[in-house]
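This report walks through one protein structure, sheet by sheet and then residue by residue. Please keep the sequence and the 3D view at hand while you read.

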Amino acid sequence: MLRSLLFKKLEQKEHDMIKHYRYLHQYPEPSFFEEKTAQYIEMFYKDKEVKIHNRIGGNYGLIVEINGGKPGRTIALRADFDALNIDEETGLAFSSKHKGWMHACGHDAHTAYLMVLAESLIELKDSLPGNVVIIHQHAEELAPGGAIDMLESGLLDTVDEIYGIHLFPDFTPEVISYRKGPTMGGRSLFHLKVKGKGGHGSSPHLANDAIMAASTFVTNIQTVISRRLNPFDMGVVTISSFNGTGSLNVIQENVELAGDVRYMENRIGHQIHDEILQMIEGLEETFNVECQFQYDLDCIPLINHYKQTDYLVDILATSQGEYFKLLKEHEQLTSSEDFASYLEKIPGTFFFVGCKPYDVEEAFFNHSPKFVVNEDAMLTASKALGEIVLNRLYIEE
């Protein structure tokens, strides 16, 4: 049985997954600058019977085509490989060697298990009724995101379905979770510059205080969520930066602030944008200041296709108790993922494998400087994606 052969290969190569993961973890690179990481991945495939497309969109993403020995459908699998601007505090023996940068979201592990899964599928490709497209994606963490490059390349135009996994430390590798429909939030980023009239702290009546105006904005913007949105609609506004420093006796003329907006539906993101614009107009009139406002779409909401998620549940339910213990439905997440862009164009689903270390009660979450991946999660993830691929290739529709 092909599934048994694939699983045996993955088990035999688990040490390779760990080796790749630990190497990549030591050499993190920022979004859109992952040159050495891309070279490492490309060298891995260099002498294998595949077609490699590199420098997708002029950036560092790669697409690897595995052509099966028989005609059939095309299934795509995706993993990301960029890192974050974080100083690592894990104490791991293979901690980051690049100061200020860390694989704090598991993208190193994503890449490692997909490389080994791809290698195993290549070794079995003559028995595959169809094709597998391996997407090694750059720049998931930074807008506009690498998924757009991959889609605009045209290399995914013939893909029938797409699947991806994220490792999350909510649970250990014995748990796989999924969700149908809206699953992860969309995100927009905004910057606001408030220009008033500077002056002496002793004479506020001769100035227009930009800090006072900006502070009012910080307070009032939360009413967009509490008073302007339907209570059944999810929305979050966060002010993440406020820069109005200066001398103690000076009324500041300029203040800059920034933040992000999260939502589960695009219409909510647009509504929040319109409400903020209206609020800024009132700010200018009330405080006699000038405002420069920029609002950028970073990532659309991730909406899993119902049919493909049902396929996933049916396939993995038969394996529950074998290489993992529990398949469960996951709650909606307000975090964002540019896998959403693939799902806007291609039927598929994005699901989760636990990576919580066994010896802790509560793990540090993704993007923490102390985030640690349970290395057992990579074998679980590779088997889950592997059997989904085999099932979806063999099914005629």
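## The model and its numbering

Residues are numbered from 1 along each chain as its sequence is written, and side-chain values use heavy atoms, with hydrogens and water left out. This is a predicted model, in which local features need pLDDT of at least 70 and side-chain atom pairs count only at pLDDT 80 or more, whereas totals for chains, interfaces and linings use all residues.

## The four-stranded sheet

Strand 10 and strand 12, the latter made of residues 254-263, pair in the antiparallel sense over 8 bridges. Helices (H or I, at least four residues) and strands (E, at least two) are DSSP runs numbered from the N terminus, and two strands pair if DSSP finds at least two bridges between them. One of these bridges links Ser 241 to its partner Ala 258 in strand 12. The two strands belong to an open sheet of 4 strands, whose order is 10-12-8-13 and whose pairing is antiparallel. Strand 10 (235-243) and strand 13 (290-299) stand at the edges with a single partner strand each, so one side of each has no neighbour in the sheet. From one strand to the next, the twist averages 20°.

Two helices pack on this sheet, where contact means heavy atoms within 4.5 Å. Helix 6 (residues 210-220) touches strand 8 (186-195), strand 10 and strand 12, and its direction makes about 10° with that of strand 12. Helix 8 (residues 266-287) touches strand 8, strand 10, strand 12 and strand 13, and its direction makes about 170° with that of strand 13. For such angles, axes are lines fitted to C-alpha atoms, for helices over the stretch in contact, and the values run from 0 to 180 degrees between N-to-C directions.

## The eight-stranded sheet

The other sheet to look at is an open one of 8 strands in the order 1-2-4-3-5-16-6-15, and its pairing is mixed. Its edges are strand 1 (51-56) and strand 15 (326-329), and each has a single partner strand, so one side of each is left without a neighbour in the sheet. Here the twist averages 20° from one strand to the next. At one edge, strand 1 and strand 2 run antiparallel and are joined by 4 bridges, with His 53 standing opposite Ile 63 in strand 2. These two strands form a hairpin with 4 residues between them, and Gly 57 in the turn has a positive phi of about 65°. Strand 15, by contrast, pairs with strand 6 (residues 175-178) in the parallel sense over 4 bridges, and the bridge partner of Tyr 178 in strand 15 is Glu 329.

Helix 3 (residues 35-45) lies across strand 1, strand 2 (61-67) and strand 4 (129-137), and runs at about 15° to strand 2. Helix 11 (residues 376-394) lies across strand 3 (70-80), strand 4, strand 5 (161-168), strand 6 and strand 16 (348-354), and runs at about 165° to strand 5. Of the 19 residues of helix 11, 16 are buried, so this helix is largely enclosed by the rest of the structure; buried means under 20% relative accessible area, exposed over 50%, and partly exposed in between (1.4 Å probe, protein chains only).

## The nonpolar cores

A nonpolar core is a set of buried Ala, Val, Leu, Ile, Met, Phe, Trp, Tyr and Cys residues joined through side-chain atoms within 4.5 Å. The largest core has 67 residues, and those with the most contacts inside it are Tyr 45, Leu 77, Leu 316 and Phe 351. A second, separate core of 24 residues includes Leu 192, Ala 210, Ala 213 and Leu 283.

## Three buried residues

Where does Phe 351 lie? Phe 351 is placed in strand 16, and at 0% relative accessibility it counts as buried. Beyond its neighbours up to four places away in sequence, Phe 351 touches several residues, among them Ile 165, Tyr 178, Leu 316 and Leu 385.

Phe 168 is found in strand 5 and, at 3% relative accessibility, counts as buried. The C-alpha atoms of Phe 168 and Asn 366 are separated by 7.1 Å, although the two residues are 198 residues apart along the chain. His 110 lies in helix 4 (residues 107-123), and its 1% relative accessibility makes it buried. Leaving aside residues up to four places away in sequence, His 110 touches Ala 79, Asp 80, Cys 105, Ile 165, His 166 and Leu 167.
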